[in-house]
Amino acid sequence: MPTDLANDPHWLDGVRHFNAGRWWEAHEAWEHPWAQARGTSRDFLQALILLAAALHKRWAHGSTAHRNLYKADAYLARLPGVYAGVDLTALRAEVWAALHDPVRRPQVVAAPEGPAD
């Protein structure tokens, strides 16, 4: 994880909110580190903000348009499948599924570590 995020309370609050299904609050928490971030860290946070916004608009406002998900895809395409310890490929798939099923709750979790050498 980029050192600028590892101990950032806004990042950690955003993760807690996202994992609890409080997507607007996650979006808001991540705005602070996003405003300070540069390069791939900024792309990473922008993608997560957009994923949270997609879920919020779907389940808080009933929007069936997935514009924010497709916007997130542009940022995700710039990143590896796992970035900052988060399996972005799995998260994107989970968000897609959750946009169609209100019971699903995607989680921002650390990706499994590869085998030790």
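What follows is a conversation between a biologist and a modeller about a predicted model of one protein chain.

Biologist: How many helices and strands does the protein chain have, and in what order do the elements run?

Modeller: The protein chain has six helices and two strands, and from the N terminus on the order is α-α-α-α-α-β-β-α. Of its 117 residues, 42% count as buried.

Biologist: Why is Trp23 called buried?

Modeller: A residue is called buried when its relative accessible area is under 20%; the value for Trp23 is 6%, and therefore Trp23 counts as buried. Trp23 lies in helix 3, which spans residues 23-36, and, leaving out residues up to four places away in sequence, Trp23 touches Phe18, Ala52, Leu55, His56, Trp59, Arg105 and Pro106. One of these, Trp59, is 36 residues from Trp23 in sequence, while their C-alpha atoms are 9.6 Å apart in space.

Biologist: Asp43 is in helix 4; is Asp43 buried or exposed, and how do you know?

Modeller: The relative accessibility of Asp43 is 14%, and because the cut-off for buried is under 20%, Asp43 counts as buried. Its contacts, not counting residues up to four places away in sequence, are Tyr75, Arg78 and Leu79.

Biologist: Which residues of helix 2 are buried, and why do they lie on the same side of helix 2?

Modeller: In helix 2, residues 9-19, the buried ones are Trp11, Gly14, Val15 and Phe18. These residues cover an arc of only 100 degrees around the axis, which means that they are on the same side of helix 2. The general background is that an α-helix has 3.6 residues a turn, so residues three or four places apart point the same way. At the start of helix 2, the backbone nitrogen of His10 has a side-chain oxygen of Asp8 within 2.7 Å, and after helix 2 comes Gly21, with a positive phi near 80 degrees.

Biologist: What makes the phi of Ala84 worth a remark?

Modeller: Ala84 has a phi near 55 degrees, which is a positive value in a residue other than glycine. Most residues other than glycine have a negative phi. Ala84 sits in the loop between strand 1 (82-83) and strand 2 (86-87), and its relative accessibility of 12% is under the 20% cut-off, so Ala84 counts as buried.

Biologist: Why is the pair of Trp11 and Phe44 called tilted?

Modeller: By the rule for aromatic rings there are four pairs. The ring centres of Trp11 and Phe44 are 5.5 Å apart, within the limit of 6.5 Å, so the rings pair; their planes stand at 45 degrees, which is neither under 30, as for stacked, nor over 60, as for edge-to-face, and therefore the pair is tilted. The pair links distant parts of the chain, since Trp11 is in helix 2 and Phe44 is in helix 4, 33 residues apart. Both Trp11 and Phe44 are buried, and together with Phe18, Trp30 and Tyr83 they form one aromatic cluster.

Biologist: Which residues touch the most other members of the largest nonpolar core?

Modeller: That core has 31 residues, and Trp11, Phe18, Trp30 and Phe44 touch the most other members. Helix 2, helix 3, helix 4, helix 5 (67-76) and helix 6 (88-98) each give two or more residues to this core, and helix 4 supplies the largest share, 10 residues. Apart from neighbours within four places in sequence, the contacts of Phe18 include Trp30, Ala52, Leu91, Val95 and Val108.

Technical notes: Residues are numbered from 1 along each chain as its sequence is written. This is a predicted model: local features need pLDDT of at least 70, side-chain atom pairs count only at pLDDT 80 or more; totals for chains, interfaces and linings use all residues. Side-chain values use heavy atoms; hydrogens and water are left out. Helices (H or I, at least four residues) and strands (E, at least two) are DSSP runs, numbered from the N terminus. Buried means under 20% relative accessible area, exposed over 50%, partly exposed in between (1.4 Å probe, protein chains only). The arc is that of the directions from the helix axis to the C-beta atoms. A polar contact is a pair of N or O atoms within 3.5 Å; within protein, one must be able to donate a hydrogen and the other to accept it, and residues adjacent in sequence count only if both atoms are side-chain atoms. Contact means heavy atoms within 4.5 Å. A nonpolar core is a set of buried Ala, Val, Leu, Ile, Met, Phe, Trp, Tyr and Cys residues joined through side-chain atoms within 4.5 Å. Rings of Phe, Tyr and Trp (its six-membered ring) pair if their centres lie within 6.5 Å; planes under 30 degrees apart count as stacked, over 60 as edge-to-face and the rest as tilted.
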